[in-house]
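Q: Please take a close look at the hollow spaces of this structure. I would like a connected account of what surrounds them.

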Amino acid sequence: MPKIHFHPILLAFFFISFLTGTFVEMAVILLIVLIHELGHFTMAKWFDWRIGTIMLWVFGGVMKTDEHGTRPIAEEALVTIAGPLQHVWIYAGIFALSYSGLLPTSLIDLMLYYNTAILLFNLLPLWPLDGGKLLFLLLALVLPYKRAYHIVILFSMVLAVVFLLVQLILPSFTLSTFLIALFLFMENQSEWKQRHYVFMRFLLKRYEKKTKIMKHKPLYVSSDSSLMRVFSGFSQEKRHTIYVTDKHGGHTVIEEQECLQAYFKHKKYHQNVGGIIEKGA
């Protein structure tokens, strides 16, 4: 089992439940969230992912792993969907309990409400929610990895700010909804600060040949393009043959591994792709 941590936002909700006497509601939420995250964990272990910790927060959690961006898109989608899928079994369990008569109707209704709320919330197209991860995977099918990742994080950050502003304007302001929106903004702000590290991890896995390549996609760049600019065109699951155009309009072909070796092995961080070709000639 992975190590499970509690996010400070969740601790704030513990404090709110203490003040308001909503311990039962908090217990129901935690149980549903834990089952949801165990769905992700079980599927990830099935695919032999390396898993660090699981961070629990209200209405969801985050499974820390270095595998995102390095596994087939279909595999990542299955791990992502495995969380929401658990709510189907939770519904089945709730309905079985309702017919057994073991629990009061008020508690059954409460469990149904929170199971639905947590499922729908996690399907919102916001990172790091499951809906946001599925949106990223859909974009990664048609866009380079770096661009797809940046679009999802920026979109999520903007939408989180909109949620925060709406909460401040509406007369029906609730502290819990405000804290959730604040959490989403902080998570995406942190993710944006780490975007370079995430992209470098993506490239390093390709250099180490630990990424499964499914299809071929040519890239066309000019000879004065930096290696990092070339890498920005790399797509998940696709192997790239790079066609380099010189100032005379001619083309030279170079494979992606040659560029990755120049960057990671020979440390040519500021070398353009034209210089790599000249030295290899």
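A: In this predicted model, the lining of the largest cavity divides into 3 nonpolar, 6 polar and 3 charged residues. The residues concerned are H36, E37, H40, G61, V62, M63, H68, V79, T80, N122, D130 and K133. Two or more of them come from each of the elements α2 (23–46), β3, α3 (73–100) and α5. The space that they enclose has a volume of about 90 Å³.

This cavity belongs to a set of 2 cavities of 30 Å³ or more in the structure. The second largest cavity has a volume of about 40 Å³. Its lining is formed by H68, E76, T80, W127, K133, F136 and L137. By character, these lining residues divide into 3 nonpolar, 2 polar and 2 charged. At least two lining residues come from α3, and at least two from α5. The element that gives the most to this lining is α5, with 3 residues. H68, T80 and K133 line the second largest cavity, and H68, T80 and K133 also appear in the lining of the largest cavity.

The account now turns from cavities to a pocket. The second largest pocket has a volume of about 430 Å³. Its lining consists of 22 residues, and V62, K64, T65, E191 and R201 are the ones nearest its centre. Two or more lining residues are given by each of β2 (51–57), β3 (60–65), α5 (130–142), α6 (145–169), α7 (175–193) and α8 (195–207). The lining of this pocket comprises 11 nonpolar, 5 polar and 6 charged residues. V62 is among the residues nearest the centre of the pocket, and V62 is also one of the residues that line the largest cavity.

One of the elements contributing to the pocket, α8, may be followed further. The helix α8 has 13 residues, and the distance from its first C-alpha to its last is 18 Å, close to the 18 Å expected at 1.5 Å a residue. Within α8, the buried residues are V198, F199, M200, R201, F202, L203, K205 and R206. R201, buried in α8, is thus named a second time here, as it also lies among the residues nearest the centre of the second largest pocket. The cover over the buried residues of α8 includes β3, α6, α7, α9 (227–231), β6 (238–239) and α10 (256–264). Just after α8, K209 takes a positive phi of about 60°.

How values were computed
Residues are numbered from 1 along each chain as its sequence is written. This is a predicted model: local features need pLDDT of at least 70, side-chain atom pairs count only at pLDDT 80 or more; totals for chains, interfaces and linings use all residues. Side-chain values use heavy atoms; hydrogens and water are left out. On a 1 Å grid over the protein atoms alone, a cavity is a set of points where a 1.4 Å probe fits but cannot get out, and a pocket is an open set with protein on both sides within 12 Å along at least five of seven lines; lining residues have an atom within 4 Å of a point. Grid points are joined across faces, edges and corners, and a volume is the space filled by probe spheres set on the points. Helices (H or I, at least four residues) and strands (E, at least two) are DSSP runs, numbered from the N terminus. Ala, Val, Leu, Ile, Met, Phe, Trp, Tyr, Cys and Pro count as nonpolar, Asp, Glu, Lys and Arg as charged, and the others, Gly among them, as polar. The expected span of a helix is 1.5 Å times one less than its number of residues. Buried means under 20% relative accessible area, exposed over 50%, partly exposed in between (1.4 Å probe, protein chains only). Contact means heavy atoms within 4.5 Å.
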